[in-house]
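This report describes selected helices and strands of one protein chain. The sequence and structure come first, followed by the description.

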Amino acid sequence: MEAAGKEEISVEDEAVDKDIFKDCSKIAFYRRQKQQLSEKSPYQALLDSATTGKDSTKFQIINEATKVPLLAEVYGIEGNIFRLKINEETPLKPRYEVPDVLTSKPSTVRLLSCSTDTGSLVLADGKGNLKCHITANPFKVDLVSEEGVMMSINLLGQLYFEHLQIPLKQRTTKENEEDASADTSQYTLTQMGPVAAKQEVRSRTDVHWMSESGIIDVFLLTGPTPSDVFKQYSSLTGTQAMPPLFSLGYHQCRWNYENEQDVKAVDAGFDKHDIPYDVMWLDIEHTEGKRYFTWDKKRFPNPERMQELLRNKKRKLVVISDPHIKIDPDYSVYAKAKEQNFFVRNHEGGDFEGVCWPGLSCYLDFTNPKVREWYSSLFTFSAYQGSTDILYIWNDMNEPSVFRGPELTMQKNAIHHGNWEHRELHNIYGFYQQMATAEGLIQRSKGKERPFVLTRSFFAGSQKYGAVWTGDNTAEWSYLKISIPMLLTLNVTGISFCGADVGGFIGNPEAELLVRWYQAGAYQPFFRGHATMNTKRREPWLFGEEHTRLIREAIRERYTLLPYWYSLFYRAHVASEPIMRPLWVEFPDELETFGVEDEYMLGSALLVHPVTEPKATVVDVFLPGPNEVWYDSKTFAHWEGACTVKIPVALDTIPVFQRGGSVVPIKTRIGKSTGWMTDFPYGLRVALSTKGSAVGELYLDDGHSFKYLHQKHFLHRKFSFSSGVLTNSCADERGHYPSECVVEQICVLGLRKQPSSVTMHSSDGNDQSVAFTYCAGTSTLNLERLSLSIGADWEIHVK
């Protein structure tokens, strides 16, 4: 192991070599599970054993072949949620149950038995609009609404739950061999779409889960609408954290910016080329020999001065902090963790050792609350020498990644806090590191400032702690294309603050691909350019003047839309609304939307169709909604919905469409970073529906503290246009926040007749005529040089 620790470590150690990863046929528990699929289901519910308590109904399930009993528990939870747990009734040892993900103990609803058939048990809550049908033989669970079966568990009879057994002494416990102590389960969930159930032909989706360990613990979110499902999920796992405003700007990263001079030059390059950005990132080379919480004294001799340079530009710094700790008795982080037994242990009881960027390393056991508390304390200014309050954190390699380990990760029999094996909790390891990091940044500010933490590994509930990115991608068109469904998947599972590395982390993108990636990234929640160390430099101005202009325009469009972005994040934070939305979220009655993954809604107002093919001259854009009207965000051309439109595209084209009936707030001027734009004026893009109306909102606070939460320091404004009157009114009377900002521009799209007059009515009763221009060709009304307070009530009358 010592020799391995001294070997050269490179990006190739983390390269995805498919040969080192098992396919399913090489996994023992999968082979056993697969074998059961062709056999008749052996499970029967013993409904005469059913007992109903305050919180749940319990009954036995028996495997007719092995006679081993399982214990099933069914819970009704407030908000149309059901929970099903299945465990061994008397396991040899406790089986792992996921902790720390639910924000609180769910509020249960007492389920009442209303069954008359001896072969089934029907449970219902007091309202009776949803029922849980449990069939005895073969065992099956159906959730039934007034419209029919919504979801079924074990409809296909594929439940298979291996019970724990005493390991055979002659068996080795060597990693990657079959373990004699079985601990696996599988089941199938069948979902009937509540909308599709109304169709003559019902849609059906079968999902089959397999798990190597733990118990079956399933929450059934019954909706019925997509919005209801998102709220139900967040009521269990929490909502997206409200991010600091700077983190919604553009981030510039590379493995690695070489030294303080390099950082200064790149920072100046953005200003020279008039490209806004907010955050400079430093990868592992900024440390002393890959020792986190340190600085390379030759490359970064004065990190405070470097951060002061960024602070003066109202910019921030993000540095990396991985979970592996270099084995070095002279490295204080290692020495203190070693002394307190804070590392994951191997199966023999010693510290687990694996190879990663520093060479031979130990891995902090973030599943231990004491380790998390200690790790959080490392972010104090006194502990983290050279850090300042503009420094934020990036958690990488936290799957955890172990070079030359089995499938590039930790052995399954490594031991964590509570004597749990790694196989039990691998998927939640990174969740805990991000949790501890976010808490550390909050404690650093004495609870006043919002943290920013990016993580690569995540779990249900990670949205509470920060942002996620899709990991090491490649500079190829296919990776740009696949990033869209990847990010949509994250969004519908609660993690709205997500993105993919712009340009591709590995490889050298051609100029066209880089431009298209910036255009896509500008309309995705987390917006960061990143590249590995053996690629050519790719700052936005290195690809010729024309491509620099196009990248600049894409980034500036991001900053123009920051008020809309920030308002969307507020809705995600308080109302569980995803930011990037598959079309079906907004249009669940249209079956065509369920297969669309090359375009998406940004909030409810904008439809984005990134160009993901080389040398494209036209894209087919599906505009949903038979009663909708859509406006091109640049040309103001409009189309009725429920059709596919061929849109000509040049390299400067970003196909974005505003939905009729929406109001989108923007900034009318762009600064060097978000910090310069606080008092810049607003504009409103009002896109009228087929009925001539529109609504929208703006959320505003200080952009960095928790005062919005604890002291209600915020403004929440509602904009509405109806019967020729645009109104700015208060959307939440609880909020109060002084703002000097004004609305100086209003553009109304879809106004079919030139008005005779436009008048402003203020809350103090004053009326004032407003100058306007009208374009009959595009049916647009423009009001400019206004000075309407963003925080005051007022009306604009168009006659």
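## Helices and a run of strands

Helix α12 (residues 545-560) has 16 residues, and the distance from its first C-alpha to its last is 22 Å, close to the 22 Å expected at 1.5 Å a residue. The model is predicted, and the values given here are computed from it. Buried residues in α12 are T548, L550, I551, A554, I555, E557, R558, Y559 and T560. The cover over these buried residues includes the helices α11 and α13 (562-575). It also includes the strands β15 (250-252), β27 (527-529), β36 (662-667) and β37 (682-687).

Helix α11, which is part of that cover, also packs against another helix. In general, a pair of packed helices is described by the angle between the axes and the distance between the axes. For α10 (residues 477-492) and α11 (residues 511-521), the angle is about 10 degrees and the axes are 10 Å apart. α10 is therefore roughly parallel to α11, since angles under 35 degrees count as roughly parallel. On the α10 side the contact is made by W477, Y479 and L480, and on the α11 side by E512, L513, R516, W517 and A520. Sorted by class, this contact has 6 nonpolar residues, 2 charged residues and no polar ones.

A single residue in another helix can be described in a similar way. D262 lies in helix α4 (residues 260-272). Is D262 buried or exposed? D262 counts as buried because its relative accessibility is 12%, and the cut-off for buried is under 20%. Leaving aside residues up to four places away in sequence, D262 touches N256, Y257 and R537.

The remaining elements are strands. Strand β8 (residues 131-135) pairs with β7 (residues 120-124) and with β9 (residues 140-145). The table lists both pairings.

| Pair | Sense | Bridges | Residues in the hairpin connection |
|---|---|---|---|
| β7 and β8 | antiparallel | 5 bridges | 6 residues |
| β8 and β9 | antiparallel | 5 bridges | 4 residues |

In the first pairing, V122 stands opposite H133 in β8. The turn of the β7 and β8 hairpin contains G128, which has a positive phi of about 80 degrees. In the second pairing, K131 has V144 in β9 as its bridge partner.

Side chains in a regular strand alternate between the two faces of the sheet. In β8, C132 and I134 form the covered face, whereas K131, H133 and T135 form the uncovered one.

Notes. Residues are numbered from 1 along each chain as its sequence is written. This is a predicted model: local features need pLDDT of at least 70, side-chain atom pairs count only at pLDDT 80 or more; totals for chains, interfaces and linings use all residues. Side-chain values use heavy atoms; hydrogens and water are left out. Axes are lines fitted to C-alpha atoms, for helices over the stretch in contact, and angles run from 0 to 180 degrees between N-to-C directions. Helices (H or I, at least four residues) and strands (E, at least two) are DSSP runs, numbered from the N terminus. Angles under 35 degrees count as roughly parallel, over 145 as roughly antiparallel, 65 to 115 as roughly perpendicular and the rest as oblique. Contact means heavy atoms within 4.5 Å. Ala, Val, Leu, Ile, Met, Phe, Trp, Tyr, Cys and Pro count as nonpolar, Asp, Glu, Lys and Arg as charged, and the others, Gly among them, as polar. Buried means under 20% relative accessible area, exposed over 50%, partly exposed in between (1.4 Å probe, protein chains only). The expected span of a helix is 1.5 Å times one less than its number of residues. Two strands pair if DSSP finds at least two bridges between them.
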